[in-house]
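Me: Please take a close look at one part of this predicted model and tell me how it sits in its surroundings. A single connected answer will do, with the cut-offs given where the terms come up.

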Amino acid sequence: MPESELVEGAASGLLSLVTPCPQRLDPARPASPVDGAPVGLALSGGGFRATLAGLGVVQLLEDVGLLPRLRFVSSVSGGSVAAASLATQWPAIRAGASLRDRVVEPIVTAVSSKSMKLALVRNLWRTVGPMNRTELLARMFDTWWLDGALLEELDPQVRWVFNAANASSGTRFGFERDLLGDYVVGRIATAGTRIKVATAAAASAAVPGVFPPLSLPGSLQFPCGSRGRPLLVDGGAYDNTGLEVLDSERYDGVFTVVLNAGGILQVDRRGWVPIVRDLQRANSLLYRQSTALRTRSIVPLFREYEAVRDNAAHQPGGRRRAGILFDLASDIADKGNVDAFRARFPEHRSWPSSGNSKDLAFVPTVFDKLERGLCDALVYRGWWLTGAGLAAYHPDLINIDRLVAPT
C-alpha cells in the first residue's frame, strides 16, 4: 500500500491527499492445516449468478477433500451470500454435517422458489422510518439464511472477509470476525459491536443506485474517523474479484482458488437512450479494468509456480503461488487430466441445454427468482470449472474416479 494516495472524497467532492491511518490492527492468522497447504478462496460479485456458482466451487473443494484446509475466504456482493452461509454453518460442517444440506440446498431452494426482489418491494414500507433499503436487504439475508449470526461469533478456523467499498475514502472496507474498517479510517475490533453477518453481506452487495450506502452505528469510533464516516457500497465498485485480501507475499503459501462470476463486457450492446447507454459502457469498462488488473497480478504467480514445479532445476528467488482462476466463460486448457475429467463429467455451459440457449456467464446480475434448473446449472458450472481447473493444473489434488457430480 503506498504511503499516500490521491482520492476524491465522495462527501466533499474535493481532491485531498489521504494518508493511511497510523493505527495498525491486524487480524489473527488462522492456524495452518495439519496436512497440506492452507486453501484460500476468492468469490466475486455477480448477484445470484455468483452465489450459485460459488456454491459449486465450495462443493467441489469438499468433494476432493480440500475443504478442511480452507483458511481464507474473501468475498464480494453475490459471492458474499455464499460465503456468509458457509461461514455461519462452518462449525456444523467441521463436525461432519452435509455441505449440500446445510448450505447449498437452502440457497438453491430459496432462490428457485421465491423472489428476493419482490420481497424487498413488499417490505419497502419498512424504510419509511430509520431503516434504509440496504438495511432491509440485510434483514432479508438474515431471514432467509443467516439467522441473526454475528461477525464476532464466526469460527476462527477461517479468516472470513466480506468486502464493501467505502465511498468516503475510495478504499476497500473489510468486515471480519476480528476487525472491521479500512486503511484510511482505521480498523476497530469487531468484538462487542454486535454487527451481524447479514449486515456485512448486505454492505458488500449494496449496488450503487439500487441500494443507498450503508452507515454504521455512530457509536463505532474509528481511530481516524475524523476523515469521514464510512459510507459503504457494493465491494465490486472497488474490487469485484475479492483478490486484494490475498494478493500480498504473506499469502504465497496459500493454495488460492478464484472465481470471477462478474458480468461480461459486451462491446456490441446497443441502447435506446444514448446518455444511459454511454454511461453503462463507461461503467463496464471501469469494472473490466479493475478486474483485469487484479487478474494480472496473480496469474503470473500461478504461471511461475507451474514453471518451477515442472522444471527439475531449482530456481531460487521470485514470487510464486499455487492456485487456479477462472470465470464462467473460461475455456480450460487441454492439459493434465482434463480429458479424463471431461469424459466423466460433461461440460454444460448454457441454459437451457438446447434450443435458444445462452452461455451461463450471461445470466443477469440479479437478486431475483431463478428457475430451479438454472440454479442447478450454475452450481454445476462452478463445480465443473473448479474440477477441470484442478485436473488441468494440479492433477495431484483431484481423484477423478472417486468424484460424483452434484445432482
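Reply: Asp-147 is exposed, with a relative accessible area of 65%; exposed means over 50%, buried under 20%, and partly exposed in between, using a 1.4 Å probe and protein chains only. The model is predicted, so local features need pLDDT of at least 70 and side-chain atom pairs pLDDT 80 or more, while totals for chains, interfaces and linings use all residues. Residues are numbered from 1 along each chain as its sequence is written, and side-chain values use heavy atoms, without hydrogens or water.

Asp-147 lies in the loop between helix H5 and strand S5 (159-166). Helices (H or I, at least four residues) and strands (E, at least two) are DSSP runs, numbered from the N terminus. Just after H5, Asp-147 takes a positive phi of about 50°. Most residues other than glycine have a negative phi. Asp-147 shares this feature with Ser-77, whose phi is also near 50°. Ser-77, however, lies in helix H2 and counts as buried, at 4% relative accessibility.

The helix before Asp-147 is worth following from its start. There, a side-chain oxygen of Asn-132 comes to within 3.0 Å of the backbone nitrogen of Thr-134. H5 covers residues 133-146. Its 14 residues should span 20 Å at 1.5 Å a residue, and the end C-alpha atoms are 18 Å apart, which agrees; the expected span is 1.5 Å times one less than the number of residues.

How many of the residues of H5 are buried? The count is 10 of the 14, so the helix is largely enclosed by the rest of the structure. The buried residues are Thr-134, Leu-136, Leu-137, Ala-138, Met-140, Phe-141, Asp-142, Trp-144, Trp-145 and Leu-146. Their cover includes helix H1 (47-63), helix H2 (77-94), helix H3 (99-113), helix H4 (116-122) and H6.

The aromatic residues of H5 take part in a wider group. Ring pairs link Phe-141, Trp-144 and Trp-145 with Phe-48 and Phe-367 into a cluster. Rings of Phe, Tyr and Trp (its six-membered ring) pair if their centres lie within 6.5 Å; planes under 30 degrees apart count as stacked, over 60 as edge-to-face and the rest as tilted. Trp-144 also has Lys-114 over its face, at 4.5 Å from the ring centre. For this, NZ of Lys or CZ of Arg must be within 6 Å of the ring centre and within 35 degrees of the ring normal.

Phe-48 leads from the cluster to Asp-368. Asp-368 touches Phe-48, Val-111, Ser-115 and Lys-117, not counting residues up to four places away in sequence; contact means heavy atoms within 4.5 Å. The side chains of Asp-368 and Lys-117 are joined by a polar contact of 3.1 Å. A polar contact is a pair of N or O atoms within 3.5 Å; within protein, one must be able to donate a hydrogen and the other to accept it, and residues adjacent in sequence count only if both atoms are side-chain atoms. Asp-368 is found in the loop between strand S13 (358-359) and helix H10. With a relative accessible area of 18%, Asp-368 is buried.

The cluster is part of a wider set, as the structure holds 14 aromatic pairs. One of them joins Phe-173 and Phe-222 edge-to-face, at 6.0 Å centre to centre and with 70° between the planes. Phe-173 lies in strand S6 (residues 171-176) and Phe-222 in the loop between H6 and S9, so the pair ties together parts that are 49 residues apart in sequence. Both Phe-173 and Phe-222 are buried.

The chain also has a covalent cross-link. Cys-21 and Cys-224 form a disulfide (a pair of cysteine sulfur atoms within 2.5 Å), with the sulfur atoms 2.1 Å apart. The link joins the loop between strand S2 (15-18) and strand S3 (39-43) to the loop between helix H6 (197-204) and strand S9 (232-234), with the two positions 203 residues apart. Cys-21 is buried at 7% relative accessible area, and Cys-224 is buried at 10%.

As background to H5, the chain has 10 helices and 13 strands, and 50% of its 407 residues count as buried. Among contacts between residues at least 6 apart in sequence, 73% join residues at least 24 apart.
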